[in-house]
Amino acid sequence: MNSGNELVVVGAGPNGLSAAVALAGEGHRVVLHEADSQIGGGTRSEELTLPGFIHDVCSAVHPMGIASPFFRTLPLDRHGLEWIHPPVMMAHPFDDGTAAVLVGSTEATANSLGHEDRRAYRKLMDPFVRRFDALIEDALSPPLRFPKHPFPMARLGWFGLRPAMSLAKTLFKGSRARAHFIGLAAHTLLPMEKVPSASFGIMLGLAGHGAGWPIARGGSQKIADALAALLRERGGRIETDSRIGSLDAFDDAPAIVLDVTPRQLLSIAGEKLSAFYRAELRRWRYAAGVFKVDWALSEPIPWTAPECRLAGTLHLGSDANEIARSSAAAASGGVDDEPFVLLAQPSLFDSTRAPEGRHTAWGYCHVPHGSTRDMTDAIERQIERFAPGFRDIVLARHTMNTAALENHDENLVGGDINGGVQDLWQFLFRPAVRLDPYSTPNPRIFMCSASTPPGGAVHGMCGYHAARSVMRTMKH
């Protein structure tokens, strides 16, 4: 299965692909094994509903992809990746028919939050935006290291190492700004009363102001395809339909990098790891899951607020308390009847996603880990709340509960799209207590999934940092 001294990467999600690309870029021979017939993991696109309607199976909008320090060094555009930037990155509608927005300008964003909070929003975000490149580089690096830019990171820690709800109530007076911020922070799947949920709200807002919230023309699959094309250009090999059940076949490989979560690492490599490290992996905690719906639509969604018709992403929840209640319920094993819904409408900006005159939409809500409850009706009621008549334009729908998501991608354990809980402990120590979180006690085995720093999102940084760990180890 392995040829000579090839380095082995297991799993062709964005982090596995990134690790392989980084290693091949340093002149190493690399083979990438993918259990499925299609590469991409969380960056796949398929016709889930009707012929001609292209849906993103998992990830759809990529603020951290466009901001990724690693992706920025790669000629992915030469291999077919084109970012599309909607005029409004995110819109957050309210029951009165208006909406707050996230756009490139902090001033325009602040103006949509209400007069009483315009100054507070800019006071929070402008200093971060001015140091955007420095902050992104440090924030997407392993946390247990001295930052290259300590002063901006200290400011991020001051505001970010707090519960999102606490920060929102401290900084903002009005309900619009609080809802806007909590909607951003809720991407983490943490309860909004937990540390460090505020940091996720800041970083997603910062990514919007500094880089954007784009979609990939043709679907998220194009990100994986571009990385794969670059890997092959650099001499790497990809073997699909190649499930790795153990590492015995790779005894001659100098290094093996696995884009898997702790559960899969234990299954594949457990006997090659120390008993103490195995015990740490067994204690790994997975996060709440998601329930996802894709729609084929006869026309654009009829949002009441006009800003929503220009937005790539929508956050649906009337106020901060409603969103926080939904996040807390999912984390504690319950289900909220008015769930916070995250929705994308890519076909408004990318005509390749649907037949002419037709459209697609993608949305999900948070549910308990492993939940099999059907949330279709609850999600669609939330959409109807801000877009009356939505159900009348649905041509077809495709749903995925947590089991279906995990069946699609084994790293989505229990529907967890972030590779594990991102509370303070598992934010600092992913996936175990080690100075080099990508290494294991076995000097030939490394890990590069979202269960390593900096965690979830399509940015490739887990793979990039794991590749650097491999290269450091091989030099010694």
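**Exercise 1. Leucine 189**

Task: decide whether leucine 189 is buried or exposed in this predicted model, and describe its backbone.

Solution.
1. The relative accessible area of leucine 189 is 4%. Buried means under 20% relative accessible area, so leucine 189 is buried.
2. Leucine 189 sits in the loop between H8 and H9.
3. The phi angle of leucine 189 is positive, about 75°, although the residue is not a glycine.
4. The loop between H8 and H9 also holds proline 196. The peptide bond from valine 195 to proline 196 is cis, with omega near 0°.

**Exercise 2. Alanine 457**

Task: state where alanine 457 lies and which burial class it belongs to.

Solution.
1. Alanine 457 is in the loop between E16 and H17.
2. Its phi is positive, about 105°, and alanine 457 is not a glycine.
3. With a relative accessible area of 40%, alanine 457 is partly exposed.

**Exercise 3. The faces of helix H7**

Task: list the buried residues of helix H7 (residues 164-171) and find how they are arranged around its axis.

Solution.
1. The buried residues of H7 are Ala164, Met165, Leu167 and Ala168.
2. Viewed down the axis of H7, these buried residues fall within an arc of 165°, so they line one face of the helix.
3. A general rule helps here: an α-helix has 3.6 residues a turn, so residues three or four places apart point the same way.
4. The buried residues of H7 pack against four partners: helix H6 (150-160), helix H8 (175-185), helix H9 (197-210) and helix H13 (320-331).

**Exercise 4. The seven-stranded sheet**

Task: give the strand order of the sheet that contains E7, then describe E7 and its pairing with E6.

Solution.
1. Seven strands form an open sheet in the order E7-E6-E12-E13-E14-E11-E15, and the pairing is mixed.
2. E7 and strand E15 (394-400) are the edge strands, each pairing on one side only.
3. On average, neighbouring strands of this sheet are turned by 20° against each other, direction ignored.
4. Strand E6 (residues 88-93) pairs with E7 in the antiparallel sense over four bridges. Valine 101 in E7 is the bridge partner of alanine 91.
5. The hairpin of E6 and E7 has five residues between the strands, and glycine 97 takes a positive phi near 90° there.
6. Both faces of strand E7 (residues 99-102) are covered. Ala99 and Val101 are buried on one side, and Ala100 and Leu102 are buried on the other.
7. The general pattern is that side chains in a regular strand alternate between the two faces of the sheet.
8. Helix H8 lies across E6, E7 and strand E12 (311-316), running at about 50° to E7.
9. Elsewhere in the sheet, strand E11 (residues 289-297) and strand E14 (residues 359-367) run antiparallel and are joined by nine bridges. Glycine 289 has valine 367 in E14 as its bridge partner.

**Exercise 5. The five-stranded sheet and its helices**

Task: give the strand order of the open sheet of five strands and describe how helices H11 and H17 pack on this sheet.

Solution.
1. The order is E9-E2-E1-E10-E16, with parallel pairing.
2. Strand E9 (237-239) and strand E16 (445-447) are the edges, each pairing on one side only.
3. Strand E10 (residues 256-258) runs parallel to E16, and three bridges join them. Leucine 258 has methionine 447 in E16 as its bridge partner.
4. H11 packs on the sheet and touches E10 and E16; the direction of H11 makes about 165° with that of E16.
5. Helix H17 (residues 461-475) also packs on the sheet, touching strand E1 (7-10), E10 and E16, and its direction makes about 155° with that of E16.

**Exercise 6. Helices H11 and H12**

Task: describe the crossing of H11 and H12 and classify the residues in their contact.

Solution.
1. The axes of helix H11 (residues 262-269) and helix H12 (residues 275-282) come within 9 Å and cross at roughly 145°.
2. The crossing is left-handed.
3. H11 contributes Pro262, Leu265 and Leu266 to the contact, and H12 contributes Tyr277, Arg278, Leu281 and Arg282.
4. Sorted by class, the contact has five nonpolar, no polar and two charged residues.

Technical notes:
Residues are numbered from 1 along each chain as its sequence is written. This is a predicted model: local features need pLDDT of at least 70, side-chain atom pairs count only at pLDDT 80 or more; totals for chains, interfaces and linings use all residues. Side-chain values use heavy atoms; hydrogens and water are left out. Axes are lines fitted to C-alpha atoms, for helices over the stretch in contact, and angles run from 0 to 180 degrees between N-to-C directions. Helices (H or I, at least four residues) and strands (E, at least two) are DSSP runs, numbered from the N terminus. A crossing is left-handed if the near helix is turned anticlockwise from the far one by less than a right angle, and right-handed if clockwise. Contact means heavy atoms within 4.5 Å. Ala, Val, Leu, Ile, Met, Phe, Trp, Tyr, Cys and Pro count as nonpolar, Asp, Glu, Lys and Arg as charged, and the others, Gly among them, as polar. Buried means under 20% relative accessible area, exposed over 50%, partly exposed in between (1.4 Å probe, protein chains only). The arc is that of the directions from the helix axis to the C-beta atoms. Two strands pair if DSSP finds at least two bridges between them.
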